[in-house]
Amino acid sequence: MLLGVALSQQSPFQQRVNQAIQSGGPEFQRSMQQDPDQALCSQYRDRLPAELVPAFLERQRKLIKYPADGKLMGDWKKGEELFTNPRKGNCYACHTGDPREAGAGNMGPGLVGYGARGTSEAVVKYTYDKIYNAWASMPCSLMYRAGYHGILSPEDTAHIVAFLLDPASPVNANLKR
């Protein structure tokens, strides 16, 4: 019986987490709740069964919002500011972009020369969607859903797309033109 009581007690860490959630107020408490798809990723440890993937992707695609003007490529210079800003895009935490930037992460794929893909409508849309909500193309991806979570606006996302695809961007400086 004592073992059962001991196992039902929360660890000190769990107690601190719960206390932090409770003391953060109602808005913080809501932000700490998993949405249904996050719960699926947790349940299946980020490896959804194949039969759940199509509906998951469809739900995530419906969460993507686009700029009011319909332009999915903005100003690459503004995109560079967002890409390197730790309070906004913070893309350098995981990705290499401008090859001159020494302090880039290597957890995500390197993006130097990303513009070699071109600027077709399909490439621009894929890039926009991936930045806005990575789960719309890769369920349970480690890449955070910057647009979905309100870190990036649709316009911010379009600027980062331009930073990655525009031939004038430093990301694409070494591409043959």
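Axes are lines fitted to C-alpha atoms, for helices over the stretch in contact, and the angle between two of them runs from 0 to 180 degrees between N-to-C directions. In the predicted model examined here, helix α7, spanning residues 121-132, packs against helix α8, spanning residues 154-165, at an angle of about 125 degrees, and the two axes lie 9 Å apart. Because an angle of this kind falls outside the ranges for roughly parallel, roughly antiparallel and roughly perpendicular pairs, α7 is described as oblique to α8. The crossing of α7 past α8 is right-handed. On the α7 side, the contact is formed by Val-123, Val-124, Thr-127, Tyr-128, Ile-131 and Tyr-132, while α8 contributes Pro-154, Thr-157, Ala-158, Ile-160, Val-161, Leu-164 and Leu-165. Sorted by class, this contact holds 11 nonpolar residues and 2 polar ones, with no charged residues.

In soluble globular proteins, nonpolar side chains tend to be buried together. The largest nonpolar core of the model has 25 residues, and those that touch the most other members are Phe-83, Tyr-128, Ile-160 and Leu-164. At least two residues of this core are supplied by each of α6 (76-84), α7 and α8, and α8 gives the largest share, with 7 residues. The surroundings of Ile-160 can be described in more detail: when its neighbours within four places in sequence are left aside, Ile-160 is in contact with Gly-79, Leu-82, Phe-83, Cys-91, Ile-131 and Leu-152. A second core, separate from the one above, consists of 6 residues, among them Leu-40, Leu-48, Phe-56 and Cys-140.

Helix α7 also carries Asp-129. With a relative accessible area of 13%, Asp-129 is buried, because the cut-off for that class is under 20%. If residues up to four places away in sequence are not counted, Asp-129 touches Ile-64, Tyr-66 and Ala-134.

Two further residues were considered for their backbone angles. Asp-46, which is not a glycine, nevertheless has a positive phi of about 65 degrees, and Asp-46 is found in the loop that lies between α4 (36-43) and α5 (53-61). The relative accessibility of Asp-46 is 42%, so that Asp-46 counts as partly exposed. Asn-90 is likewise not a glycine and has a positive phi of about 50 degrees; the loop between α6 and α7 is where Asn-90 lies. Asn-90 has a relative accessibility of 28% and therefore counts as partly exposed.

Notes. Residues numbered from 1 in each chain as written. Predicted model: local features only at pLDDT ≥ 70, side-chain atom pairs only at ≥ 80, totals over all residues. Heavy atoms only, no water. Helix = DSSP H or I, 4+ residues; strand = E, 2+ residues; numbered from the N terminus. Parallel < 35°, antiparallel > 145°, perpendicular 65-115°, else oblique. Left-handed = near helix turned anticlockwise from the far one by under 90°. Contact = heavy atoms within 4.5 Å. Nonpolar A, V, L, I, M, F, W, Y, C, P; charged D, E, K, R; others polar. Core = buried A, V, L, I, M, F, W, Y, C linked by side-chain atoms within 4.5 Å. Buried < 20%, exposed > 50% of the residue type's maximum accessible area, 1.4 Å probe, protein only.
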